[in-house]
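Biologist: Please take a close look at a single part of this model for me, and explain how that part is built and what surrounds it. I would like one connected account that I can follow with the structure open in front of me.

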Amino acid sequence: MPRRGRHLIEVARAYMQRDEDTAALTMLVKSEQTAPETIRYNGFARDMLRDLLKKPPTGMRDDVRELSRRVSIRG
């Protein structure tokens, strides 16, 4: 499952580049569900979560905080 987790992180990166933060967050959540250890140690995923903590998608602040907490990122 780590390969699928990494793929979902790459999809999230593509969404972030297109300023589609809600879709990026969805992919990060799916990545965590698929391979929690992969998202926890992936630098790109951690950077995206830090960016989302600074500017969460509308109405999704709690979702971003919860995912960040689960992967050990403080915000």
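Modeller: A helix here is a DSSP run of H or I with at least four residues, and helices are numbered from the N terminus. The model is a predicted one, and the part I have chosen is helix α5, which covers residues 61-70.

Let me begin with the inward side of α5, where Val 64, Leu 67 and Ser 68 are buried. Viewed down the axis of α5, these buried residues fall within an arc of 100°, so they line one face of the helix. The general background is that an α-helix has 3.6 residues a turn, so residues three or four places apart point the same way. On the other side of α5 the picture is reversed, with Asp 62 and Arg 69 exposed. For Arg 69 the relative accessibility is 53%, and it counts as exposed because the cut-off for that word is over 50%. Beyond the helix comes Ser 72, which follows α5 and has a positive phi, near 65°.

What does the buried face of α5 pack against? Its buried residues pack against two helices, α2 (21-34) and α4 (43-54). The contact with α2 can be followed at one residue, Glu 32, which lies in that helix. Glu 32 is buried, its relative accessible area being 13%. If its neighbours within four places in sequence are set aside, Glu 32 is in contact with Ile 39, Leu 67, Arg 70 and Val 71; of these, Leu 67 has already appeared among the buried residues of α5. Lys 30 also has its place in helix α2, but Lys 30 is partly exposed, with a relative accessible area of 40%. The C-alpha atom of Lys 30 is separated by 15 Å from that of Tyr 41, a residue 11 places away along the chain.

The charged side chains of α5 deserve a slower reading. Glu 66 takes part in a salt bridge with Arg 69, whose closest N and O atoms are 2.4 Å apart, and also in a salt bridge with Arg 70, at 3.6 Å from N to O. The spacing along the helix suits a description in turns: Arg 69 and Glu 66 are 3 residues apart in α5, about one turn of the helix, while Arg 70 and Glu 66 are 4 residues apart in α5, again about one turn. Glu 66 is partly exposed at 31% relative accessible area, and Arg 70 is partly exposed at 28%. These residues do not stand alone, since Glu 32, Glu 66, Arg 69 and Arg 70 are linked in a network of salt bridges. In this way the buried Glu 32 and the exposed Arg 69 belong to one network. The structure as a whole holds 6 salt bridges.

It remains to place the two helices that α5 packs against. The axes of α2 and α4 come within 11 Å and cross at roughly 135°, and these two helices are therefore oblique to each other. The crossing of α2 past α4 is left-handed. At their interface, Asp 21, Leu 25 and Leu 28 in α2 meet Ala 45, Met 48, Leu 49 and Leu 52 in α4.

Helix α4 is also packed against α1, at an angle of about 40° and with the axes 10 Å apart. That angle makes α1 oblique to α4, and α1 passes α4 in a left-handed crossing. Here Ile 9, Glu 10, Ala 12, Arg 13 and Met 16 in α1 meet a set of α4 residues, among them Ala 45, Met 48 and Leu 52. Within α1, Glu 10 forms a salt bridge with Arg 13, the closest N and O atoms being 3.2 Å apart. Because they are 3 residues apart in helix α1 (residues 2-17), Glu 10 and Arg 13 are separated by about one helical turn. Both ends of that salt bridge are partly exposed, Glu 10 with a relative accessible area of 38% and Arg 13 with a relative accessibility of 26%.

Conventions: Residues are numbered from 1 along each chain as its sequence is written. This is a predicted model: local features need pLDDT of at least 70, side-chain atom pairs count only at pLDDT 80 or more; totals for chains, interfaces and linings use all residues. Side-chain values use heavy atoms; hydrogens and water are left out. Buried means under 20% relative accessible area, exposed over 50%, partly exposed in between (1.4 Å probe, protein chains only). The arc is that of the directions from the helix axis to the C-beta atoms. Contact means heavy atoms within 4.5 Å. A salt bridge is a side-chain nitrogen of Lys or Arg within 4 Å of a carboxyl oxygen of Asp or Glu. Axes are lines fitted to C-alpha atoms, for helices over the stretch in contact, and angles run from 0 to 180 degrees between N-to-C directions. Angles under 35 degrees count as roughly parallel, over 145 as roughly antiparallel, 65 to 115 as roughly perpendicular and the rest as oblique. A crossing is left-handed if the near helix is turned anticlockwise from the far one by less than a right angle, and right-handed if clockwise.
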